[in-house]
Amino acid sequence: MPPGILATKTLSINPYPSKHTDLEAQTRVTTHHSANKPVIHYVNWDENDPECPYNWSLRYRWVHTICVAGLVVSAAFGSSVITGRINGVVETFGCTEEVAILQVSLMVFGFMIGPLLWSPLSELFGRKPVYVVALFIYTVFNIPCAVATNIQTVLVSRFFCGFFASCSLTLAGGSISDLFPSETRGSAIAYFAAAPYAGPVLGPIVGGWISVGTQSWRWIYWVNMMLAGAMWVLICILPETYHPVLLSKRAKRIRAETGDPTYVTVEEEFPVPITELVQANLVRPFVMLATEPILLLMSLYISVIYALLYAFFFAYPIIFGGVHHMNDGEIGLTFIGVLVGTAFALLATNFFEKKYHKDIAKRPGGKAIPEDRLPGMMSAAPWVPISLFIFGWTSYPWCHWIGPTFAGVPFGFGMVLVYYAANNYIIDCFPRYVTSALAAKTLIRSGSGAAFPLFINQMYYNLGNQWASTLLAFISLAIVPIPFAFYKWGPSIRARSSNAA
């Protein structure tokens with residue numbers, strides 16, 4: 001019998017590394033199997049199978065990971081790049097400043113809606129077809145933004161930009177999990193964790209200097225289209241990584257070679273019902289948010305951090321433009337502090353990965369628990385309010401601009417480490433319904449990121465620079481105890497849950 005073939009009438013509940021490694025799938029598969037069927041040859045990965053993405057060369061897998069992270073950076077970059085000249089449409093179309101801000105909010109709102117479609121489509125057709133189609137349409141929708149003759153065209157196109165670009169944010173984590181088994185996935189996930197936050201930070205840096213150099217907001221969209229197009233070409237070159245799709249191609253090849261129709265994959269023998277996909281992506285996320293305190297509070301924490309990042313895109317121009325009289329390009333450069341903090345966070349993830357494995361080794365049986373993921377978050381959480389206090393109380397005209405610029409360093413450090421640890425904690429807590437849990441997190445995160453920019457200007461004008469930043473600092477300070485509480489009481493909370501591990 002060819003390698004990787006399992007001849008059986010009783011299906012293994014863990015046939016190969018795919019989305020069916022969760023209990024949800026196990027239950028569905030075993031209940032649909034009939035003992036009266038003839039022998040079925042289930043196509044599986046062989047040990048050290050060269051066609052399995054886990055066994056591709058380490059260098060190639062890392063190149064693939066960096067490319068996928070680049071897709072996330074490109075999408076996130078597109079959401080904030082227009083902040084380099086956010087009021088350009090005010091000058092051109094005579095709209096209000098609040099309407100101009102919708103250029104950012106509507107794209108981030110698209111990030112919230114898009115995953116509800118891209119996640120189930122990727123399970124049906126694989127990663128690459130979804131990437132190729134969605135990112136091509138995202139690239140095209142930048143054109144009406146650049147040539148628009150009214151603000152309505154810009155805003156509608158920005159929403160669709162976010163909707164189609166969100167496929168990168170939705171599928172990148174799955175693409176990385178296709179390439180690395182859970183034991184070696186930590187470092188790769190760290191780069192993925194940094195991408196949704198580093199991308200928006202790059203936006204005003206690049207957009208600001210495009211504004212200074214061209215004196216046109218339209219060129220910002222043209223440049224974003226060029227970047228999106230380059231990333232689309234890149235994803236067209238990369239191979240498919242989704243295990244069920246690759247195994248399905250292998251099964252099809254074996255059927256063609258042998259003429260035996262009994263060579264199938266588990267996915268082909270037991271296709272996922274559409275109702276199950278709808279429930280996992282549209283219904284269960286809301287149910288879990290209402291019934292799972294771990295998911296709710298962790299999603300809330302991530303959403304606050306994400307919202308604060310987008311708040312900075314409008315607070316920075318108030319401080320550095322209004323107080324220190326910098327131009328758009330110089331204001332963009334002040335975000336380098338956040339990038340520096342992000343770089344420090346990536347270095348720190350190696351330390352926390354090593355600590356994670358040491359903690360596992362100390363446990364009986366060498367088995368990890370989800371709370372082993374939290375020390376990184378506990379270490380990073382205080383840095384976010386610290387950065388906001390620094391930002392607020394160094395924003396006086398008599399304070400050098402380096403003060404509020406330096407505030408970005410602890411913010412970037414805390415932001416990435418919090419997301420890295422919290423995302424892993426959610427995945428480890430809800431392995432049975434991980435797709436639904438991550439969909440719930442994405443909904444709250446993107447919703448808050450879309451909402452915050454709409455009132456930041458008014459808040460700073462009414463409260464003043466110092467107290468507006470202080471209010472944000474106290475909000476971020478209020479959620480600092482969350483990881484500490486779950487580190488202590490998480491196991492007992494999970495024990496009472498029907499969904500958690």
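A crossing of two helices is left-handed if the near helix is turned anticlockwise from the far one by less than a right angle, and right-handed if clockwise. The views below come from a predicted model, where local features need pLDDT of at least 70, side-chain atom pairs count only at pLDDT 80 or more, and totals for chains, interfaces and linings use all residues. Residues are numbered from 1 along each chain as its sequence is written, and side-chain values use heavy atoms, with hydrogens and water left out.

**View 1. Helix 5 packs against helix 12.** Helix 5 (residues 115-125) passes helix 12 (residues 274-291) in a right-handed crossing, at an angle of about 140° and with the axes 9 Å apart. Helices here are DSSP runs (H or I, at least four residues), numbered from the N terminus; axes are lines fitted to C-alpha atoms over the stretch in contact, and angles run from 0 to 180 degrees between N-to-C directions. Leu-116, Ser-119, Pro-120, Glu-123 and Leu-124 of helix 5 meet Ile-274, Leu-277, Asn-281 and Leu-282 of helix 12, contact being heavy atoms within 4.5 Å. By class, this contact holds 6 nonpolar, 2 polar and 1 charged residues (Ala, Val, Leu, Ile, Met, Phe, Trp, Tyr, Cys and Pro count as nonpolar, Asp, Glu, Lys and Arg as charged, and the others, Gly among them, as polar).

**View 2. Helix 13 bends at Phe-314.** The bend is about 35°, and Pro-317 follows within four residues; the angle is taken between axes fitted to the seven residues ending there and the seven starting there. Of the 31 residues in helix 13, 25 are buried, meaning under 20% relative accessible area with a 1.4 Å probe and protein chains only. Just after the helix comes His-325, whose phi is positive, near 60°.

**View 3. Helix 13 meets helix 21.** Here helix 13 and helix 21 (residues 453-463) pack at about 35°, with axes 9 Å apart, and their crossing is right-handed. Helix 13 brings Tyr-310, Ala-311, Phe-314, Ala-315 and Ile-318 to the contact, while helix 21 offers Pro-453, Ile-456, Asn-457, Tyr-460 and Tyr-461. These residues divide into 9 nonpolar, 1 polar and no charged.

**View 4. Asn-87 sits in the loop between helix 2 (58-80) and helix 3 (88-93).** Asn-87 counts as partly exposed because its relative accessibility is 29%, in between the 20% limit for buried and the 50% limit above which a residue is exposed. Leaving aside residues up to four places away in sequence, Asn-87 touches Glu-97 and Ala-100. Asn-87 and Glu-97 are 10 residues apart in sequence and 6.6 Å apart in space, C-alpha to C-alpha.

Methods: Helix = DSSP H or I, 4+ residues; strand = E, 2+ residues; numbered from the N terminus.
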